[in-house]
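Please look over the sequence and the fold shown here before reading on. The report then takes up the sheet and, after it, the charged pairs.

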Amino acid sequence: MPFKLIRATAVALAVIASPAMANEQAVDEMAGYLDFVEYGGGVIFAEQIPREDWSRFHVIDARDAGQFAKDHIPGAINLEWRRVLAERDSIPRDKPVLIYCNTGSLSAQAGFALRVAGYENVRILQGGFEEWRAKGGFDAASKATGQAKH
């Protein structure tokens with residue numbers, strides 16, 4: 001029996017035998033994260049990202065494949081929010097990561113999970129795809145600056 005399978009079986013049995021301990025460990029990890037996270041938890045607004053800076057981000061659309069197929073932020077990859085931890089090896093740690101959904105609620109959960117897992121480079125797009133589009137998409141920053149000048 002391969003070592004990984006034996007280890008996975010042992011972990012599963014430990015979780016089944018003592019679910020309170022497994023949950024307590026997860027709670028401790030989240031509490032430790034919340035003690036040190038900056039206010040806003042890594043949230044960023046579309047108008048904070050100048051058009052030329054979008055190419056610096058690894059953009060993740062956390063919606064389901066059907067929604068992604070209908071429309072998405074150009075250059076985004078589709079990784080449903082529930083899959084971010086399972087597929088975290090595909091998420092870079094050496095560049096900013098921007099994650100979004102329709103309104104920001106599911107991407108906030110995915111972003112929180114990634115940040116607890118040690119991804120300090122993750123930002124959640126406030127308001128999600130809908131707000132990004134309503135604010136002007138890639139031009140949200142220039143539109144916001146233009147409005148402030150009036």
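What follows describes a predicted model, beginning with its sheet and going on to its salt bridges.

**The sheet and a helix packed on it**

The model contains an open sheet of five strands, arranged in the order E1-E5-E4-E2-E3 and paired in the parallel sense. At its edges are strand E1, residues 43–44, and strand E3, residues 77–78, each of which pairs on one side only. Strands of a sheet pair through backbone hydrogen bonds, and that pairing can be either parallel or antiparallel. Strand E3 has strand E2, residues 58–61, as a parallel partner, and the two are joined over two bridges. Within this part of the sheet, Ile60 stands opposite Ile77 of E3. Helix H4, which covers residues 105–116, packs on the sheet, where it touches strand E4 (97–100) as well as strand E5 (122–125), and the direction of H4 makes about 170 degrees with that of E5.

**Salt bridges**

How many salt bridges does a search of the whole structure find? The search finds nine, and three of the pairs are set out here with the separation of their N and O atoms.

| Pair | N to O distance |
|---|---|
| Asp53 and Arg56 | 4.0 Å |
| Asp71 and Arg133 | 3.1 Å |
| Glu130 and Arg133 | 3.2 Å |

In the pair formed by Arg56 and Asp53, Arg56 is partly exposed at 45% relative accessibility, and Asp53 is likewise classed as partly exposed, at 24%.

Arg133 takes part in a salt bridge with Asp71 and also in one with Glu130. Asp71 belongs to the loop between helix H3 (65–70) and E3, whereas Arg133 belongs to helix H5 (residues 128–134), so their salt bridge ties together parts that are 62 residues apart in sequence. The contact between Glu130 and Arg133 is set within a single element, because both residues lie in helix H5, three residues apart, or about one turn of the helix. As for exposure, Asp71 has a relative accessible area of 33% and is partly exposed, Arg133 is partly exposed at 41%, and Glu130 also counts as partly exposed, with 38% relative accessibility.

Besides these pairs, there is a network of salt bridges that links Glu47, Glu131 and Lys135.

Methods
Residues are numbered from 1 along each chain as its sequence is written. This is a predicted model: local features need pLDDT of at least 70, side-chain atom pairs count only at pLDDT 80 or more; totals for chains, interfaces and linings use all residues. Side-chain values use heavy atoms; hydrogens and water are left out. Two strands pair if DSSP finds at least two bridges between them. Helices (H or I, at least four residues) and strands (E, at least two) are DSSP runs, numbered from the N terminus. Contact means heavy atoms within 4.5 Å. Axes are lines fitted to C-alpha atoms, for helices over the stretch in contact, and angles run from 0 to 180 degrees between N-to-C directions. A salt bridge is a side-chain nitrogen of Lys or Arg within 4 Å of a carboxyl oxygen of Asp or Glu. Buried means under 20% relative accessible area, exposed over 50%, partly exposed in between (1.4 Å probe, protein chains only).
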